[in-house]
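User: Hi! Could you walk me through some charged pairs in this one? I'm new to this.
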4 protein chains.
Amino acid sequence: MAPPQAPIKVGVLGATGTVGQRFIELLATHPYFEIHALGASARSAGKKYVDATKWKLVSQIPESVKGMIVQECKPEPFAECGVVFSGLDHDVAGDIEVAFRAAGLNVFSNAKNYRRDPLVPLMVPLVNPDHISVVRHQQQELKLSKGYIVCNANCSTTAIVVPLKALEVAFGPLKTVMVTTLQAISGAGYPGVSSLDILGNVVPYIGGEEEKIEWETKKILGGVNPDNSFDLHASAPLKISANCNRVPVIDGHLACVSVEFSGKKPSVAEIEKAFTDFVTEPQTLGTPSAPKRAIVLHDAPDRPQPRLDCDLEKGACVSVGRVRECGVLDAKFVCLLDNVRLGAATSSVINAEVAAEKGYL
Amino acid sequence: MAPPQAPIKVGVLGATGTVGQRFIELLATHPYFEIHALGASARSAGKKYVDATKWKLVSQIPESVKGMIVQECKPEPFAECGVVFSGLDHDVAGDIEVAFRAAGLNVFSNAKNYRRDPLVPLMVPLVNPDHISVVRHQQQELKLSKGYIVCNANCSTTAIVVPLKALEVAFGPLKTVMVTTLQAISGAGYPGVSSLDILGNVVPYIGGEEEKIEWETKKILGGVNPDNSFDLHASAPLKISANCNRVPVIDGHLACVSVEFSGKKPSVAEIEKAFTDFVTEPQTLGTPSAPKRAIVLHDAPDRPQPRLDCDLEKGACVSVGRVRECGVLDAKFVCLLDNVRLGAATSSVINAEVAAEKGYL
Amino acid sequence: MAPPQAPIKVGVLGATGTVGQRFIELLATHPYFEIHALGASARSAGKKYVDATKWKLVSQIPESVKGMIVQECKPEPFAECGVVFSGLDHDVAGDIEVAFRAAGLNVFSNAKNYRRDPLVPLMVPLVNPDHISVVRHQQQELKLSKGYIVCNANCSTTAIVVPLKALEVAFGPLKTVMVTTLQAISGAGYPGVSSLDILGNVVPYIGGEEEKIEWETKKILGGVNPDNSFDLHASAPLKISANCNRVPVIDGHLACVSVEFSGKKPSVAEIEKAFTDFVTEPQTLGTPSAPKRAIVLHDAPDRPQPRLDCDLEKGACVSVGRVRECGVLDAKFVCLLDNVRLGAATSSVINAEVAAEKGYL
Amino acid sequence: MAPPQAPIKVGVLGATGTVGQRFIELLATHPYFEIHALGASARSAGKKYVDATKWKLVSQIPESVKGMIVQECKPEPFAECGVVFSGLDHDVAGDIEVAFRAAGLNVFSNAKNYRRDPLVPLMVPLVNPDHISVVRHQQQELKLSKGYIVCNANCSTTAIVVPLKALEVAFGPLKTVMVTTLQAISGAGYPGVSSLDILGNVVPYIGGEEEKIEWETKKILGGVNPDNSFDLHASAPLKISANCNRVPVIDGHLACVSVEFSGKKPSVAEIEKAFTDFVTEPQTLGTPSAPKRAIVLHDAPDRPQPRLDCDLEKGACVSVGRVRECGVLDAKFVCLLDNVRLGAATSSVINAEVAAEKGYL
C-alpha cells in the first residue's frame, strides 16, 4: 500500500526510557511517521535528547533526534502529532494519557493502565487489528469528537496469543490453555531486575504477570459487537493457567504452551500447517513494520531459542517449535517473542500503521 | 538408629567424573561407609586419585582419597565392598554394572541403563524406599544368591515425585500432572553444555528428558506386589505431560507443576499442610543422610530459587513454594531440587543407608 | 587464646542491608561477641528483624535475631555495646559514626567515609593490625576519653594488599604495582548493578574504585610513628596503577597484579614461598575468625577462580596463583578475594577480635 | 575503488565450523568474491551444506550456500579459486594449507599454524597491510611461481595492535606495553568452553594466549625490509606483558592497556586525537569490508562494553575508551574488539580485499 503523501508527525512519551528508546529506533527512519516531539519527566525537559538519555540499545542513537529538545509530557507541544506513542511507566501513564486524549490526540500506549478498560482496544497487531473499531465506541461513550487511547498487550501475553489465534483461525475456539513462561530481564525495564537476583538463577515469580496473561488473552481473542463494544471470549469460555518465571536472558520471552481444542483434535502436521499458513491483516495491508512471516516455524528440535531466534523478521514475528502431542491436553509447543520489539514498541507502531491504513488517524 | 558396628566398605565407579566426585564428597566422612576402592576408565587406572581427577567441586578434595590408586572397573578390587556406587556414564554403565552384580556385588547406580528394567527398583529415597524389596524378586528371577542393582531416578523426576508423593499420601492417587522444568547445566555433566549454547539463553529441549519424567514417575509412584514384583500406577492411571528446558543455572532444577486429584480437591492450606507434614522412611529410620525436613515449604512469593535455596538440608530435601489454585487443573506449585545431591549422589547414598538399616546389605 | 570471660555485647548498624546481613551471619555464633542491638533506617525501626529484612544470603537467617526489634541508628540503645559494627551506606555513615564515637562507642566500620581520615586506622587484619594503636592518637587529638572509629579497606584494595604485604615482609618495600581487577557484582550492594548492564557483559569502569586502590594501598602498607600517627609509604614511594572492571560473577574479586621490587628480584619459587610462609598477627593471636592460611597458593594453572575458590578458609583468606615472571615488571600473579567476607564484614570482625585481644575494647 | 570486473571465485576451508560460518556470512553477498567451493572434514563431505552444518549465528544461513555440496579439503575442487579462506582447526590446518599453497592457491588463514613462520605475513588489515609484499619473499624462498599463505593474527592480539599502531603512527615507537584481557567465550570456538567452567565465573588463564600476544604484536608492528623479508620491532625493542582472562561474554574481547612511549609523553587529548585521526590503508583503498572508522573513540566513562559496542562498524573496528594517565607507565586506555569478526573472519576477508586491490590475486 502506498505510504501517506506527507509524513505523519508523531510524538513519543517516556522518550528517555527503554521502551521510548525502542520507539525512537523504530520511528527514526519510518516511511509513514516523522518524530516531531519527545516527552519525558520534568528532570529531562529542556535538555537535548542526547544529553537527557542514557542510550542502552545496541544500535546507535539516531542522529535526527540527538539535538531535539525534550518536552514535559503535556499536550501542547504534541498538538500537531497524528499519533502519540506512550512508553511511560504505569505510575504516571494514567493521568498523562487521558490528558492527551482529552486534548484530542490519538495515544498508542505500551503502558498497562487502560488495558482492562472496556472502552479501550487491547490490540496485538498480528491478532486483533479489527479491534481498532472500538475507538469509535470509546469516543461515543466519552463524547469525544477526536482523540482516543489504544493499548498493546503485555509482552508475555503477546507471545502466546499470536500462535493461539493461528490455531483458532484454523480449528475454531480453544477450550483450554496452559502456559509456563521463561521471561527475559528486559521485560522489567531499566534498572529493573537486580543482577544479584538473576545471575545464575531463576525467579519463579513476576508480580501480576500470570493474571495479565490469563485476563488479556481472553480480551484479545474475544470479538467486537456490531456497536463496536467488546464481546469477550464468551461462547466457548477459555480456561487458562499461567506460570511465569524470570530467567537470565537479555531479550526474548519463551513459553511452553499446551492447548485443548473445542472441536476435533488436529494432527501435529495440521497444527504446523496452521502456524505456517497464518496470515494477518497488517501483512495483507502491507504496513511497513509488518513481518513477512507472522509465525516462523522451526524444524530443529531445540529451537526456538531466545539468543538465536529473536532477531527473525526484525523481532516482529513469533517463533514456534517443538509441536507435539500432549499427554494431558491435545497438543503442546514452544513459542518465542522478542519482548522489546513485537512485545512492546513494534506492536504499538504496527497498530498505528493499521490505524493509518484504515483511516483512523 | 545405631550405625553398623564396623564401617561397611564401599566402592565408587566413575570416581573421577562429576557424579563420582559427589559420591566421594558424601562418603569421605560417612558414619556407615568407608571408601575402599575407586574405579574409572583404563586411562585413569593406576594413577593416584588426585592425579587422575580434575576436581570440580567447591569443597576440597578429601585428604583420605587423594593417594588412593584408581582401579579399572572390574569386580576383583571391589570384592570386599558391601556397596558399589555407580556414577558411570550410560555408555559404559550397562555392561559394568551387570558384571558387578554377577560377581555378587550390590550396585547402587545413578546411571539410567536399568531404570526401566522391571526387575530393578527405581528408588527415590524420600518416596519409595519400600521398593528395596524388589531386589529379592530380581535375585529370584535371575537365580542370584547375592548381588543386585538398585537405580535412583533421573534428577528432574526426583524433583517432582517427592511433592507428588506427599500429595498422594495426604489425598490419594493423583489423576493428572503437568510439569515444566527449568533445569541446571550441572545436570548434563562435564563438559556437558557448551557455554555458547546457554549463556544468556534458554534451550527448550533436553533429549529424552520429558519421556524419562513421564515414564519414571509412574514406576516410582506405583506399588509393589506381594511377590515383590512391580505394580505400576495401574488403579488410577496417571496422565503426565512434561516440558523440559535448560537454563543458565549452575545447580538446581526448578519445576512448575499443576496437579489434578482423583478425589475431592483440597484447599491451598490443606496442600501446604500435606507438604510440611510429609515424613519419609529414611527420616523415621534416622539414616545419616536423610534430611530433617523432606519438603521445605517457602512463604515468600518468589521462592524457592535455585541459587538461594538449593543448599537447604544440605541439598537433601525438595523446596516447594507458590502453592495456589490452577485455572485448569486443581492446584499448582513450584518445586526445586538440588540436582547434583538429592537428584543424584545423595539419593544413591540414602538408598544404600536404607538398605543397610533394613538388612539388604 | 582464651575467649573473654563474658561475651562482649555488640551492635550492628545498617543491619538490614547486605553488609549488615553478613555481620549478623558472622556474629550470630561468635565465641567473643553477642548481638545486642540492631540499627537501621527509621523505616525499619520498631519492626522485628525478620520482618524488616529481605534476607539475601544462602545461609538461613539466624533464629536468635529474628525476633530482635530494629532500632534507629542512635547511640542510646547501643550504650552497652563494646563494639558497634557499621555496615551503613556512605550517604548516612558519616554523621552516624561520629555521633556514636562522640557517645564513647568503638565503631568498626565498613563504610568508606573515614578511610582517608589521618586519625582513623585503615585496617586490613591480615596486613596492618598494628595500626590499631592509631586510635590512641585519634582519641588524643580529638580529646576523647573513650570511643573511636576503625575502618576496614575497600574490597578490591584488600584483595591486593594481602599478597603485597607478604612480598614486602619477605623482600622489602615494593617499588611499582600494576593491577587490573575483575570484580563481582556483590561488591556494589543490593540492588546494585542492573542485570541489563552486566549479564553477558563486562563494564570497564567502577566509579572511584581505581583511586581507592591507589590511595588506600599506600596508607595500609605505610607505617605508624612512635606517637601513633601515620607514616605513609614514604621511604620508598610506591607507584600504583589500577584498572577496575565489573564482571558477571556473584562473589569474588579477582586481580591480575604485576610488581617490581626495590631490591633484588626474587625467583618465582621464592615468591611462592613468601606467599605460603606468610603468617599474620590475627593468626598468631589465634583470634576466632582468623583463617588457618592467610594466603592459599594454587598449583593449577587456571586457578584461583571466583566460583570455585572463594569459599576457602570460609572466605577469610586470599587465594594466589599463576606466579610467573613479568615481561615488563619483575613478576606477576593472580589473586582472589571473597569480597563479601574478607573484603567486608569478616575484616571488621577480625579487626574487633584483634582489638579485644590487644586490650582496645 | 572499482570492484573487479568479474567476481573472484573463493573457497572456504573448515566451512561448517564457527569461523567458517562467519566467512560464509561475510562472503555470501560480497561485491568482489563469489563462494565457489566449501571444504570440511570427510564426515561432512558429500552432504549439502545445510545438512552438514549446525548453523550457530544469529543471522540466517544464506540461501545461496544451502544446497552447495561440501567437499573434502583437497585442492582439486578449489582449483578455480582466486582465494581460499581457511577457518580450519590448527590440528589439521598445517598440512592442508601447505598442500593448497603447493597447488598454487592463495590461502588466507585464520589458523595459528604459520603465524610465526618468517616467510608468512601476519596481517592485521588495519595495521600492517603493507606486509602483503612478504608473499613475494615467501614464493621466492620456496621457489613457488604462484600460491602463498597469509595469516591473520590471534583475536586478542588484534584487539591491541590496532590502537598501538595508531599511537606509533602519531608518536613513534612504543617502549612498553602492559595488557590484561577479558576475553569472550566465542574465542574458544564451539563447543569450546564448558558452561560449568564459565557461568558466573572468570578463568584467569587461556593456554598459550599470553605468549601469542607478546610474540605476534612484535611481528605485526615490525617492518619489512627492501627484500620483503621481515624486520622485527628491532630498533626500539618493545617490552610487553600480557594477562589473559576468560569471562562469561558471548562476543567481544576487552583489554586494559598501559603504554610507555619512547619519545615525549603526549597528553590525553593528543592520544585521543591520534585514535580518532587514525586512517588505515584498506580505508584509503576503499575496500568493501573496511570500516568507516578504524578506531571508534567513546566518551562515556563506562564504555566500550562488549555487549553494547561490538556491533559498531559491523564489527570491523576497534573501540577505545577511558584514555587517561597511568600511575606507572605513561597512559592507559580500554579497547574492545569483535573477536569473531575483525578478530577472525573479517580480518582475513579484508586482507584478501587488500590483496585484490594491490594486484596480489
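Analyst: Happy to! Keep in mind that this is a predicted model. Let's begin with C:Asp277, which forms a salt bridge with C:Lys273, their closest N and O atoms being 2.5 Å apart.

User: Cool, where do C:Asp277 and C:Lys273 sit relative to each other?
Analyst: They are both in helix H9 (residues 268-277) of chain C, and because they are four residues apart there, about one helical turn separates them.

User: And is C:Asp277 buried or exposed?
Analyst: In between: C:Asp277 counts as partly exposed, because its relative accessibility is 43%.

User: Why do such side chains pair at all?
Analyst: Side chains with opposite charges can pair when their charged atoms come close.

User: Which parts of chain C does the pair C:Lys175 and C:Glu260 link?
Analyst: First, the contact itself: the side chains of C:Lys175 and C:Glu260 meet in a salt bridge at 4.0 Å, N to O. This pair links distant parts of the chain, with C:Lys175 in strand E7 (residues 174-183) and C:Glu260 in strand E11 (residues 253-261), 85 residues apart. C:Lys175 is partly exposed at 41% relative accessibility, and C:Glu260 is partly exposed at 21%.

User: Switching to chain D: what does D:Arg341 form a salt bridge with?
Analyst: Its partner is D:Asp338, and the closest N and O atoms are 2.8 Å apart. D:Arg341 is buried, with a relative accessible area of 16%, and D:Asp338 counts as buried at 3% relative accessibility.

User: Last one: how many salt bridges does the structure hold over all chains?
Analyst: There are 70 over all chains.

Note on methods
Residues are numbered from 1 along each chain as its sequence is written. Chains are lettered from A and ligands numbered from 1 in the order in which they are written. This is a predicted model: local features need pLDDT of at least 70, side-chain atom pairs count only at pLDDT 80 or more; totals for chains, interfaces and linings use all residues. Side-chain values use heavy atoms; hydrogens and water are left out. Helices (H or I, at least four residues) and strands (E, at least two) are DSSP runs, numbered from the N terminus. Buried means under 20% relative accessible area, exposed over 50%, partly exposed in between (1.4 Å probe, protein chains only).
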